[in-house]
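Hello,

Here is the structure I promised to hand over. Please open it first, then read my notes below.

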2 protein chains.
Amino acid sequence: MKIVLVGAGNLATNLGKALKRVGHEIVQVWSRTEESAASLAEVLQCPHTVALADVADEADVYIVSVKDTALQSLAEGLADGHPDRFIIHTAGSMPMNVIPSKRCGVLYPMQTFSKQREVHFRDIPCFVEALQDNDRQMLMQLAASVSDKVYELSSENRKYLHLAAVFCCNFANRCFAIGEELLREHGGVPFSVMLPLIDETARKLHTLSPQEAQTGPAVRWDTNVIDKHLALLSSAPDVQDIYERLSKSIHDDKLRFEKD
Amino acid sequence: MKIVLVGAGNLATNLGKALKRVGHEIVQVWSRTEESAASLAEVLQCPHTVALADVADEADVYIVSVKDTALQSLAEGLADGHPDRFIIHTAGSMPMNVIPSKRCGVLYPMQTFSKQREVHFRDIPCFVEALQDNDRQMLMQLAASVSDKVYELSSENRKYLHLAAVFCCNFANRCFAIGEELLREHGGVPFSVMLPLIDETARKLHTLSPQEAQTGPAVRWDTNVIDKHLALLSSAPDVQDIYERLSKSIHDDKLRFEKD
């Protein structure tokens, strides 16, 4: 398929590379700044532009992968005067209808992208939606060409999927970061000692549910240990607060689980 | 070495198997209940008892691996009248001096143990402490016989290590569990779709620090997305609260990081 990439961030870069690798033609890259447009265009060996009016007209699909706040106005600019363009976005948290076109769609690859890391796109679950049947079929095929895990999902359900991903990725990572800070300030050992524990915490979920996998003082409601930990955190009230609330959440969940 | 295991829980079971596998002699298992003592003794093919007075006298080390609340009185029972016994515990959160003996020590294997999962003990970091130099050397050797990662660590530092482990394992897992609940109630897809994201979230830390690895609406301080997520959680105020505090913690940490 012929593709225009609108945006040149982490996701656009990873998706663009994956699409090119399996043989799609990246017709053009648009970005707000000359520097980022040229940089991604060089990687993908294609033309680039910073003017929406100069965006190529012959693409099968226009993939808008930009900050949520810039999405709507860019989609409007692309659709304006071009009702036949198939315009999709890649955002987990935005509904499909921010794209003012009957040919609108979404391809949300759920993964955590960092500039410094290459990801294997084949393993990334992709969630697809489109207003029209033909477009949805085309988009499912496009997604299946780069990922082994493609699901159809409505905007309504995608909202919750994205929220769940924030807990499973961003908030879990914040817990890792707090652990790192504690070790840096007091632990006497490098953070790398935590990696086997963190790896096993993730790996467990391939065979146990998170409820079944839960361990630690909070699930045993060992108030002796909990109180000692809270005292250690007395100089960091915000972290102390997070400790208290997550412990209570684990305990409450266990009580609910046992009641059922 | 000749070893008596005092306790028959997850940790005692995993440690006992690992010790036996590399050739140590498990002389005896003690547990509070006949059933659990007999069950672990069968696995380790050794005698068992439920009477502290009947604990074998010829062991090189007595490993007490029980609930924190039961630890002190058991250690006292073992030490009483036997000042030469080398008695150690395996608890991350307890100081060494709960063992009332000059021959006291700690071997803390930092991992999350669940009955349903076998762990590879060689990969588990073990943290060792002993009051006397000879005992410490013996304990370092014992730990090194079952684990490739053995560290000497004081009770004071171990407190913080254990607290860090609660964040990196127990609280990260609670975040996974909240994600699972959200998907179960609203997502339209099974929790298994999250596994590639969770795996990558853990794997990233092998090359990036948790600060560098942080992504998501909170680190971008995208209040548009954050407010939408908070609204989705309005029927679960405790989870909403956790969302708000973890987001703020991510944001505050980023501001500190940029200031440095």
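A:Ile88 stands opposite A:Gly105, a residue of β6(A). That pair belongs to a longer match: strand β5 (residues 87–89) of chain A and strand β6 (residues 104–109) of chain A run parallel and are joined by three bridges. Please note that this is a predicted model.

Helix α5 (residues 155–187) of chain A packs on the sheet here. Helix α5 touches β5, β6 and β7 (126–130) of chain A. Its direction makes about 20° with that of β6(A).

Now the whole sheet. It is open, has eight strands and shows mixed pairing. The order in chain A is β3-β2-β1-β4-β5-β6-β7-β8. Which strands stand at the edges? They are β3 (48–49) and β8 (150–152) of chain A. Each has a single partner strand, so one side of each is left without a neighbour in the sheet.

Chain A in general:

- The secondary structure comes to ten helices and eight strands.
- The C-alpha trace spans about 65 × 45 × 30 Å along its principal axes.
- Chain A has 260 residues, and 58% of them count as buried.
- Of the contacts in chain A with a separation of 6 or more, 52% are between residues 24 or more positions apart.
- The accessible surface is about 11,000 Å², and carbon and sulfur atoms hold 48% of it.
- There are 27 positive and 35 negative charges, and their mean positions are 3 Å apart.

Next, chain B. Strand β4 (residues 61–64) of chain B is covered on both faces. B:Val61 and B:Ile63 are buried on one side, B:Tyr62 and B:Val64 on the other. In a regular strand, side chains alternate between the two faces of the sheet.

What does β4(B) pair with? One partner is strand β1 (residues 2–6) of chain B, in the parallel sense, over four bridges. There, B:Val6 has B:Val64 as its bridge partner. Another is strand β5 (residues 87–89) of chain B, also in the parallel sense, over three bridges. In that pairing B:Ile63 stands opposite B:Ile88.

One last residue: A:Asp253, in helix α10 (residues 237–259) of chain A. Is A:Asp253 buried or exposed? The relative accessible area is 10%, and buried means under 20%, so A:Asp253 is buried. Leaving out residues up to four places away in sequence, A:Asp253 touches A:Gln211, B:Arg174 and B:Glu181.

Best wishes

Notes
Residues numbered from 1 in each chain as written. Chains lettered and ligands numbered in written order. Predicted model: local features only at pLDDT ≥ 70, side-chain atom pairs only at ≥ 80, totals over all residues. Heavy atoms only, no water. Helix = DSSP H or I, 4+ residues; strand = E, 2+ residues; numbered from the N terminus. Buried < 20%, exposed > 50% of the residue type's maximum accessible area, 1.4 Å probe, protein only. Contact = heavy atoms within 4.5 Å. Areas by Shrake-Rupley, 256 points an atom, 1.4 Å probe, with all protein chains shown as cover. Lys, Arg positive; Asp, Glu negative; His and termini not counted. Charge placed at Lys NZ, Arg CZ, Asp CG, Glu CD. Pairing = 2+ DSSP bridges. Axes fitted to C-alpha atoms, helices over the stretch in contact; angles between N-to-C directions.
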